[in-house]
Amino acid sequence: MKLTTFPRVRITQGPTPLEFMPRLTEALGGPSLYIKRDDCTGLATGGNKTRKLEFLMADALAQKADTIITQGATQSNHARQTVAIATKMGMKCEILLEDRTGSKLDEYKHSGNVFLDHLFGANVQELPGGTDMNAAMAKLADELRAKGQKPYIIPGGGSNAIGALGYVVCALEMVNQFNTQGLDVSHVVHATGSAGTQAGLLAGLQGTRSLIPVLGIGVRAAKEVQEQSVYNLAVKTAELLGVPGCVSRDSVVANCDYVGDGYGVPTPGMVEAVTMLARLEGILLDPVYSGKGMAGLIDLCRKGFFKKGQNVVFLHTGGAVALYGYMHAFKNLTPN
């Protein structure tokens with residue numbers, strides 16, 4: 001497995017910290033809980049997409065692109081980080097935002113990530129929920145080519161085999177941190193959506209025979225759909241790395257019990273998780289991904305799925321900027 005053979009733009013400020021969470025651990029009374037701070041990657045307030053964009057933007061440069069096209073939901077963390085790196089590299093950026101929640105609230109439609117998309121200089125188009133976003137990006141690319149531009153399409157979440165290489169890097173980085181700290185890790189837990197983060201982690205951990213279990217907490221799809229998406233991408237990533245067959249189907253596990261009413265729709269568990277991390281550890285989660293991922297971890301600790309004596313690492317995928325689009329979900333907060 002040689003990651004050095006792949007073109008890469010170095011933008012991640014890493015290795016990102018691996019921190020023990022003593023107060024959350026005490027509050028839940030179960031396993032020892034750690035957090036991998038990929039909210040601290042450095043690009044445009046940070047987040048997991050930074051690692052993926054290192055490889056995707058390098059590929060765009062190799063193809064001599066001058067315009068980046070990508071898509072996401074209204075409060076997309078991926079879109080914000082993509083336009084930031086495109087701007088930094090002197091490229092234009094076209095962002096297609098799908099209205100997946102139907103929210104009419106001004107704070108959701110215009111603040112948080114949406115505000116930053118515009119501030120970084122993206123050309124933003126809003127599309128209705130249910131739009132075929134891949135087809136919409138392909139159509140836009142054709143229109144730009146007709147004008148003489150050289151577009152490069154980045155899939156939603158940066159989740160293809162090239163983007164997933166970023167989380168192969170993260171897997172190796174974490175294993176080194178675990179070994180350095182003498183930490184025997186029982187599980188890595190994170191929010192899983194477009195599949196690239198989990199696929200990359202699995203390819204990295206399985207491909208190096210680290211074999212640390214990865215549990216994705218789903219934020220949008222049903223369990224069977226989510227696991228199949230992750231598996232398909234993990235297989236492609238492993239093949240790209242030259243280690244085909246290293247990811248088994250039974251190593252791909254997603255718990256999708258914490259999605260609630262849909263992608264990007266707040267849940268009581270998410271509100272509790274975001275509030276607990278803020279007040280116990282001074283760490284900001286996001287309301288769409290890491291908030292629901294942490295809600296799952298907290299509930300599983302309470303149910304005894306993770307036990308005292310185990311070490312569990314939560315991968316923080318970033319995105320706290322989106323909290324400004326969800327202030328309505330936290331309107332009933334009371335002081336400690």
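How many bridges join S1 to strand S2, and do they run parallel or antiparallel? The legends below take up this question and then move on through the predicted model.

**View 1. Strands S1 and S2 side by side.** In this predicted model, S1 is joined to strand S2 (residues 32-37) by 3 bridges, and the two run antiparallel. Look for Glu19, which has Ile35 of S2 standing opposite.

**View 2. The open sheet from S1 to S9.** Here you can follow 6 strands across an open sheet, in the order S1-S2-S10-S7-S8-S9. The pairing in this sheet is mixed. At the edges sit strand S1 (18-20) and strand S9 (253-255), each of them pairing on one side only. From one strand to the next, the twist averages 30 degrees.

**View 3. Helix H7 on the sheet.** Helix H7 (residues 161-181) packs on the sheet, where it touches S1, S2, strand S7 (187-192) and strand S10 (311-316). If you compare directions, that of H7 makes about 135 degrees with that of S2.

**View 4. Helix H9 on the sheet.** Another helix to look at is H9 (residues 223-241), which packs on the sheet and touches S7 and S9. The direction of H9 makes about 145 degrees with that of S9.

**View 5. Cysteines without a partner.** A disulfide is a covalent bond between the sulfur atoms of two cysteines. The structure holds 0 disulfides, and this view helps to show why for two residues, Cys170 and Cys246. For the sulfur of Cys170, the closest cysteine sulfur is in Cys40, 12 Å away, so the pair is too far apart for a bond. Cys170 itself is buried, its relative accessible area being 0%. The sulfur of Cys246 has its closest cysteine sulfur in Cys170, but the distance is 16 Å, again too far for a bond.

**View 6. Stepping back to the whole protein chain.** To place the close-ups, picture a chain whose secondary structure comes to 11 helices and 10 strands. The C-alpha trace spans about 60 × 50 × 35 Å along its principal axes. The radius of gyration is 19 Å, which agrees with the value near 20 Å for a compact globule of 336 residues. Of those 336 residues, 59% count as buried. Among contacts between residues at least 6 apart in sequence, 80% join residues at least 24 apart. The protein chain exposes about 13800 Å², with carbon and sulfur atoms supplying 52% of that area.

Terms used. Residues numbered from 1 in each chain as written. Predicted model: local features only at pLDDT ≥ 70, side-chain atom pairs only at ≥ 80, totals over all residues. Heavy atoms only, no water. Pairing = 2+ DSSP bridges. Helix = DSSP H or I, 4+ residues; strand = E, 2+ residues; numbered from the N terminus. Axes fitted to C-alpha atoms, helices over the stretch in contact; angles between N-to-C directions. Contact = heavy atoms within 4.5 Å. Rg over C-alpha atoms; globule rule 2.2 N^0.38 Å. Buried < 20%, exposed > 50% of the residue type's maximum accessible area, 1.4 Å probe, protein only. Areas by Shrake-Rupley, 256 points an atom, 1.4 Å probe, with all protein chains shown as cover. Disulfide = S-S within 2.5 Å.
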